[in-house]
Amino acid sequence: MARPDGSSPLTRIKRRAGVFLRMRRALRWFPPMLADVVRGRYRPVPWSALLWMLVALVYLISPLDLIPDVLLVVGLVDDAMIVGWLLTRVDRALEGYRAWRETDG
């Protein structure tokens, strides 16, 4: 059954699967990008990717959360959603690096 916005359940599932793929892609491409930046092989430095990843790491290790982890399921889902959103931003910021690696790298 379609929702008021016209999206079918299958469309919503595909969209959510795309988010997980972007998160995985960000985690896969970030370490090689960081190594290429440190070695001086890749310029310009994707500062936004570095910033988004730093924010994601700080949020994970920080004792301050939007919803405390003491509320087990809800607190952990909150962390996963926020870090997932941040990883999609990392993935978006790495588009130029991926293009560089596919052509020049």
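**Notebook: charges, rings and helices**

I looked up Asp-36 first: at 2% relative accessibility, Asp-36 counts as buried. For this term I used a relative accessible area under 20% for buried, over 50% for exposed and anything in between for partly exposed, with a 1.4 Å probe and protein chains only.

I note that this is a predicted model, in which local features need pLDDT of at least 70 and side-chain atom pairs count only at pLDDT 80 or more, while totals for chains, interfaces and linings use all residues. Residues are numbered from 1 along each chain as its sequence is written, and side-chain values use heavy atoms, with hydrogens and water left out.

**Entry 1. Salt bridges**

I took a salt bridge to be a side-chain nitrogen of Lys or Arg within 4 Å of a carboxyl oxygen of Asp or Glu. The structure holds 5 of them. I noted the general point that side chains of opposite charge can pair when their charged atoms come close.

Which partners does Asp-36 have? One is Arg-41, with 3.0 Å from N to O. Arg-41 is partly exposed, at 42% relative accessibility. Asp-36 also forms a salt bridge with Arg-101, where the closest N and O atoms are 3.2 Å apart. This pair links distant parts of the chain, since Asp-36 is in helix H1 and Arg-101 in helix H4 (residues 95-103), 65 residues apart. Helices here are DSSP runs of H or I with at least four residues, strands are runs of E with at least two, and both are numbered from the N terminus. Arg-101 has a relative accessible area of 32%, which makes it partly exposed.

Salt bridges that share partners also join Arg-22, Arg-25, Asp-91 and Arg-98 into one network. From this network I looked up Arg-22 and Asp-91, whose side chains meet at 3.9 Å, N to O. Arg-22 lies in helix H1 (residues 9-39) and Asp-91 in helix H3, so this salt bridge ties together parts that are 69 residues apart in sequence. Arg-22 is partly exposed, with a relative accessible area of 25%, whereas Asp-91 is buried at 2%.

**Entry 2. Arg-89**

I then went to Arg-89, which is in helix H3 (residues 72-93). How far away is the nearest side chain of opposite charge? That side chain is Asp-91, 8.5 Å away, and Arg-89 is buried yet has no salt bridge. In this search Lys and Arg count as positive and Asp and Glu as negative; His and the chain ends are not counted. Leaving out residues up to four places away in sequence, Arg-89 touches Arg-22 and Trp-52, contact meaning heavy atoms within 4.5 Å.

**Entry 3. The rest of H3**

I checked the length of H3: at 1.5 Å a residue its 22 residues should span 32 Å, and its end C-alpha atoms are 32 Å apart, which agrees. The expected span is 1.5 Å times one less than the number of residues. Among the buried residues of H3 are Gly-75, Asp-78, Val-83, Leu-87 and Val-90. Asp-79, also in H3, is buried at 9% relative accessibility. Asp-79 and Ile-67 are 12 residues apart in sequence and 8.2 Å apart in space, C-alpha to C-alpha.

**Entry 4. Helix H2**

H2 covers residues 47-61, and its 15 residues reach 21 Å from first to last C-alpha, close to the 21 Å expected. I found Ala-49, Met-53, Ala-56 and Tyr-59 buried in H2. They cover an arc of only 125° around the axis, which puts them on the same side of H2; the arc is that of the directions from the helix axis to the C-beta atoms. The face turned away from the buried side carries the exposed residues Trp-47, Leu-51 and Ile-61.

**Entry 5. Aromatic pairs**

I counted rings of Phe, Tyr and Trp (its six-membered ring) as paired if their centres lie within 6.5 Å; planes under 30 degrees apart are stacked, over 60 edge-to-face and the rest tilted. The structure holds 5 aromatic pairs. Tyr-42 and Trp-100 form a tilted one, 5.0 Å centre to centre with 55° between the planes. Tyr-42 lies in the loop between H1 and H2 and Trp-100 in helix H4, so the pair ties together parts that are 58 residues apart in sequence. Both Tyr-42 and Trp-100 are buried.

Trp-52 and Trp-85 form an edge-to-face pair, 5.6 Å centre to centre with 85° between the planes. Trp-52 lies in helix H2 and Trp-85 in helix H3, so this pair ties together parts that are 33 residues apart in sequence. Trp-52 is partly exposed at 27%, and Trp-85 is partly exposed at 43%. Last, I noted that ring pairs link Trp-29, Tyr-42, Tyr-97 and Trp-100 into a cluster.
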